[in-house]
Every structure is written in C-alpha cells, then in structure tokens.
Amino acid sequence: MATRNWQVKRLSAALGAEVTGVTLANADAAEAADIRILLHEHMVLFFPGQFMSAEDQIAYGRHFGALEGHPNLKERTPKEHPELFRLVASQGGIADEWHTDLTFLPRPALMSILNMKQCPEVGGDTMFSNLVAAYEGLSPPLKELCDGLSALHDAHPHDRADRTAIHPVVRVDRESGRKALYVNEHFTRRIVEMSGPESDHLLAYLTRWVQQPPFTVRYRWTAGTIAMWDNRFTQHYVVNDFVGERVIERVTVMGDQVQGTAPRWRPWPEVVGGTSSMSRHDRQLARHLKARIAEAAE
Ligand SMILES: O=C(O)CCC(=O)C(=O)O
Ligand SMILES: [Fe+2]
C-alpha cells in the first residue's frame, strides 16, 4: 500500500475518505485488496472522476464478492444488467430515510458500490453514519442492555412486510472486535425481547441516536463519482432537498454473516400466537418466530 500513488483525504472525524490517483475500471486484485483495507479504515470511500461503465462497475464489484440484484424492487433493476440497482429521483427513487442496505435479509449486503450517474449541481448530498462510533457513544448500562438484545427487521418499505429477519442489536466484528449499533429506522421494527411499547421507545431512541452529526459525514456529489461503503458498520441517508434529476446505479456485494452476542432474554411476548391486544409488530414478530419454530421442526 505504501508504494501506491493514491491520495487519501479524510472527510470528517467520524468516517469517510476521498481517494484520487486510482482508476477503478482497471483495478487488479492486488489494488482491490488495498482498497478493502482502506474501506475497513474509513467505512465509506469516494472516488471522484471515475465515469465507469456498468460493465466495468460490475467487474470491479466482483473483486469483493458475489453480486446480487435487488431482492424486491425488480422495477428498479435494468433488464440488461440484473446485478444493477438503479434509483431515478424523478421516478420516486430517493433513499431519504436512514438505513443500512437490505437488513430484512438473513444475510444483508456486505458492501455497496454506487455510481453517481447524474446529480443536481447543488443538493442531493448523501450522509453516512459510523455505527461503531454510535455504539461507543452509549452509556455503559445502555451498551450492556443493547448487547443482550435482538431485533426484527422487515421489507415494509418495499411492500414486503412478510420478508423478515432477526439480527443482534449490536453486531460484533470478530476479526477486529468492533461493535456496531445495528438498528435502522427504515427496516427495524421490533426489539424481540421487550414489550411493544418498550421496543418502540428504545428503537426510536437508538435509530435517532445513530443520526447524530458527530457520527456522520456528508458528501457533495459530482457526476462520475464512485462510492463504496461497508454496509456492516454504516447507515446512509440522501438529503431530499434538490430540484432536477438524480440517478444512481449500485452493485451490491452479498455474503454478510451478521454476528453478535446471543440474546440474554427470551422473546417477549413469550406466547407465540395472536391476541387482539397485540400490535401489528407484535403479530409480525409472533409470525416470524412461529415460522422459525415450524422450520426447525421440519
Ligand atoms: O442515492 C444515494 O446516494 C444512495 C442510495 C441508496 O440508499 C443506495 O444505493 O443504497
Ligand atoms: Fe441504501
């Protein structure tokens, strides 16, 4: 790495760096390995002036693992490139709620690689937050509570509330020992081990907590920029303040295995079944648990 002629400029104290002096379209495996090291350090990298073709973006993405198109939004997947996910602002494609990509899947995205195809001259910035710093910023008793909890995520934003997954509230990176606060306002619905009202309050607190300015970086785009984020330890949010068109194309690297501590308590409510006093998310959790029990019995 030391021999490379790349310039790496940090963009905020929390996370994010802009990298120049590298051409991603020609990147070989050794360069991709060095970029992975940089990504581990900075969590999100921006490479302005790349103007990559879809083919080159897909080939580049494959250096990092298997790519998959969007599991729910087929209408945002170009027919000629099933690996791509395209968001066009004028067609309602603005990701203006804080999220980690695809956490409603049992194995969410590991990494996302975004190509800024078209952007307004001003506005439409993307903000990223560092979930390790967000966890670190909690008080010791709240850290300890969160360490023992898990949460239900669903694909309700894609009209697929039936697609659910349970993940630890605090994910742990076994390699580095890092811990990250792994709940987001877009996909996380219910803390499994708490009552519905308790879960609503804690989730509201935590999902807002990760959005605190000191945990974030805000990037002002130019067309042709490639961004890569480590989807395990970050969330992002597009500032929906612009007029004019904004088009992004993303490839998504799969293969994430969410790790954390086993929950310290049993699911609440303990009874798996519906009663009229249950909220929508209680019933959804009960359905998810029931389906897992049925799967385990098969
Ligand atoms: O448009 C952006 O800047 C980010 C969109 C987004 O959430 C994504 O590609 O995962
Ligand atoms: Fe996203």
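**Briefing: sheets, ligand shell and core**

Strand S5 and strand S13 (residues 226-230) run antiparallel and are joined by five bridges, where strands are DSSP runs of E with at least two residues, helices are runs of H or I with at least four, both numbered from the N terminus, and pairing requires at least two DSSP bridges. The model is a predicted one, in which local features need pLDDT of at least 70 and side-chain atom pairs count only at pLDDT 80 or more, whereas totals for chains, interfaces and linings use all residues. Residues are numbered from 1 along each chain as its sequence is written, while chains are lettered from A and ligands numbered from 1 in the order in which they are written.

**Strands S4, S5 and S15**

- Within the pairing of S5 with S13, Ser112 has Trp229 of S13 as its bridge partner.
- S5 also pairs with S15 in the antiparallel sense, over seven bridges, and Met116 finds its bridge partner in Ile248 of S15.
- Because six of the eight residues of S5 are buried, S5 is largely enclosed by the rest of the structure; buried is taken as 20 or more other C-beta atoms within 10 Å of the residue's own, exposed as 12 or fewer and partly exposed as in between, with C-beta atoms placed from the backbone.
- Strand S4 (residues 84-88) is mostly covered, with four of its five residues buried, and S4 pairs antiparallel with S15 over five bridges, Val247 of S15 being the bridge partner of Val88.

**Surroundings of ligand 1**

- The shell around ligand 1 (C-beta atom, placed from the backbone, within 6 Å of the molecule) consists of Leu87, Ala95, Asp101, Ser112, Leu114, Thr126, His236, Val238, Ile248 and Arg250.
- At least two residues of this shell come from each of strand S5 (111-118), strand S14 (234-238) and strand S15 (247-253).
- By class, the shell holds five nonpolar, three polar and two charged residues, with Ala, Val, Leu, Ile, Met, Phe, Trp, Tyr, Cys and Pro counted as nonpolar, Asp, Glu, Lys and Arg as charged, and the others, Gly among them, as polar.

**The three-stranded sheet and helix H6**

- An open sheet of three strands follows the order S8-S7-S11 with antiparallel pairing; strand S8 (160-168) and strand S11 (188-191) are at its edges with a single partner strand each, so one side of each has no neighbour in the sheet.
- From one strand to the next the twist averages 30 degrees, with axes fitted to C-alpha atoms, for helices over the stretch in contact, and angles running from 0 to 180 degrees between N-to-C directions.
- Strand S7 (residues 150-155) is paired antiparallel with S11 over three bridges, and Ile191 in S11 is the bridge partner of Ala151.
- Helix H6 (residues 280-297) packs on this sheet and touches S7, S8 and S11, its direction making about 80 degrees with that of S11; contact means C-beta atoms, placed from the backbone, within 7 Å.

**Nonpolar core and Asp147**

- The largest nonpolar core (buried Ala, Val, Leu, Ile, Met, Phe, Trp, Tyr and Cys residues joined through C-beta atoms within 7 Å) has 63 residues, of which Val44, Leu131, Val169, Ala180, Leu181, Ile226 and Ala227 touch the most other members.
- Helix H3 (residues 131-136) gives the most to this core, namely five residues.
- Not counting residues up to four places away in sequence, Ala180 touches Leu131, Val132, Tyr135, Val170, Arg171, Arg232 and Phe233.
- Asp147 belongs to helix H4 (residues 140-147) and, because 18 C-beta neighbours lie inside 10 Å, counts as partly exposed.
- Leaving aside neighbours within four places in sequence, Asp147 is in contact with Val170 and Thr261, and the C-alpha atoms of Asp147 and Lys179, 32 residues apart along the chain, are separated by 9.2 Å.

Terms used: Contact = placed C-beta atoms within 7 Å.
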